[in-house]
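Please open the model in your viewer and keep the sequence panel visible. The tour below proceeds by selection, and each stop states what is to be found there.

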Amino acid sequence: MTLPSPRTTFILMFLAVIFVLGVAFYMEYAMGLEPCPLCITQRVMFLGVGITSLIAFLHNPSNIGRRIYGFVVSLWALGGLYFSGRQLWLQSLPEDEVPACGPGISYMVEVFPMAEVIKTLLTGDGNCAEVHWTFLGLSIPGWAAVGFVGLILFGLWQALRKS
């Protein structure tokens with residue numbers, strides 16, 4: 001069995017991200033699940049993986065470039081894993097320890113200083129602790145964490161694989 005080429009692996013990572021973001025937008029617009037601040041931040045991390053993977057696919061770099069792209073993909077995914085882990089932690093808190101819910105992000109962008117919006121996107125609020133959907137016992141950030149772990153592994157494999 002031959003392993004897929006680095007270029008094929010990068011396009012597969014890009015397509016995986018397109019699928020994940022497609023599911024996220026389906027959940028938002030078809031199912032009516034409004035994303036919390038940490039959900040939006042995780043989407044940005046998936047987008048970072050996707051754009052990096054697409055650029056790597058189009059660039060089709062040599063070994064050094066492949067390694068760099070692989071590590072950058074893994075860094076984006078590691079950031080996403082951190083934010084999904086933070087949301088899972090918020091979801092595990094007892095109800096009396098959950099932070100207060102804030103206004104929606106669109107309202108915050110219009111009214112609050114950008115520093116406050118970014119802080120909320122990076123730390124979350126009470127909205128992030130609510131579990132609106134599960135599949136096989138995992139909530140949305142749980143599935144995001146699974147995806148980020150897979151992307152970290154694929155990125156590291158790209159970075160460390162032999163020529």
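**First stop: the largest pocket.** Select Ala-24, Met-27, Cys-39, Arg-43 and Ile-140, which lie nearest the centre of the largest pocket among the 39 residues that line it. The model is a predicted one. Next, colour helix H1 (6-29), helix H2 (37-59), helix H3 (63-92), helix H4 (105-111) and helix H6 (140-160), since these are the elements that give two or more residues to this lining. Which helix supplies the largest share of the lining? The answer is H1, with nine residues. The space in the largest pocket comes to about 930 Å³. Sorted by class, its lining consists of 24 nonpolar, 11 polar and four charged residues.

**Second stop: two cysteines.** Keep Cys-39 selected and add Cys-36. Are these residues buried or exposed? Cys-36 has a relative accessibility of 6% and therefore counts as buried. Cys-39 is buried too, because its relative accessible area is 17% and the cut-off for buried is under 20%. A disulfide is a covalent bond between the sulfur atoms of two cysteines. How many disulfides does the structure hold? The count is zero. Cys-39 is in no disulfide, and the nearest cysteine sulfur, that of Cys-36, is 3.4 Å away. A disulfide requires the two sulfur atoms to be within 2.5 Å, so this pair does not qualify.

**Third stop: the second largest pocket.** Select Met-13, Ala-16, Gly-150, Leu-151 and Phe-154. These are the closest to the centre of the second largest pocket, which 14 residues line. About 160 Å³ of space lies in this pocket. H1 and H6 each provide at least two of its lining residues. The lining has 11 nonpolar and three polar residues, and no charged residues.

**Fourth stop: the largest nonpolar core.** Leave Leu-151 selected and add Phe-46. Within the largest nonpolar core, which has 23 residues, Phe-46 and Leu-151 have the most contacts. H1, H2, H3 and H6 are the elements that give two or more residues to this core. H2 gives the most, with six residues. Now display what surrounds Phe-46. Setting aside residues up to four places away in sequence, Phe-46 touches Val-17, Val-20, Leu-21, Ala-144, Phe-148 and Leu-151.

**Fifth stop: Thr-9.** Move along helix H1 to Thr-9. This threonine is buried because its relative accessible area is 2%, where the cut-off is under 20%. Which residues does Thr-9 contact, leaving aside its neighbours within four places in sequence? They are Pro-4, Phe-154, Trp-157, Gln-158 and Arg-161. Phe-154 has already appeared on this tour, as one of the residues closest to the centre of the second largest pocket.

**Sixth stop: Val-149 and Gly-85.** Select Val-149, which is found in helix H6. Val-149 is partly exposed, with a relative accessible area of 37%. Then add Gly-85 and use the distance tool between the C-alpha atoms. The two residues are 64 positions apart in sequence and 11 Å apart in space.

**Seventh stop: two loops.** Select Asn-60 in the loop between H2 and H3. Its phi is near 50°, a positive value in a residue other than glycine. At 44% relative accessibility, Asn-60 counts as partly exposed. Continue to Leu-136, in the loop between strand S1 (134-135) and strand S2 (138-139). Leu-136 also has a positive phi, near 55°, and is likewise a residue other than glycine. Is Leu-136 buried or exposed? It counts as exposed, because its relative accessibility is 69% and the cut-off for exposed is over 50%.

**Last stop: the whole chain.** Clear the selection and display the protein chain as a cartoon. It has six helices and two strands. Read along the sequence, these elements follow the pattern α-α-α-α-α-β-β-α. Taken along the principal axes, the C-alpha atoms fill a box of roughly 55 × 35 × 30 Å. Of the 163 residues, 40% count as buried. Finally, consider the contacts with a separation of 6 or more: residues 24 or more positions apart account for 83% of them.

Terms used:
Residues numbered from 1 in each chain as written. Predicted model: local features only at pLDDT ≥ 70, side-chain atom pairs only at ≥ 80, totals over all residues. Heavy atoms only, no water. Buried < 20%, exposed > 50% of the residue type's maximum accessible area, 1.4 Å probe, protein only. 1 Å grid on protein atoms, 1.4 Å probe; cavity = no way out; pocket = protein on both sides within 12 Å on 5 of 7 lines; lining within 4 Å. Points joined across faces, edges and corners; volume = space filled by probe spheres on them. Helix = DSSP H or I, 4+ residues; strand = E, 2+ residues; numbered from the N terminus. Nonpolar A, V, L, I, M, F, W, Y, C, P; charged D, E, K, R; others polar. Core = buried A, V, L, I, M, F, W, Y, C linked by side-chain atoms within 4.5 Å. Contact = heavy atoms within 4.5 Å.
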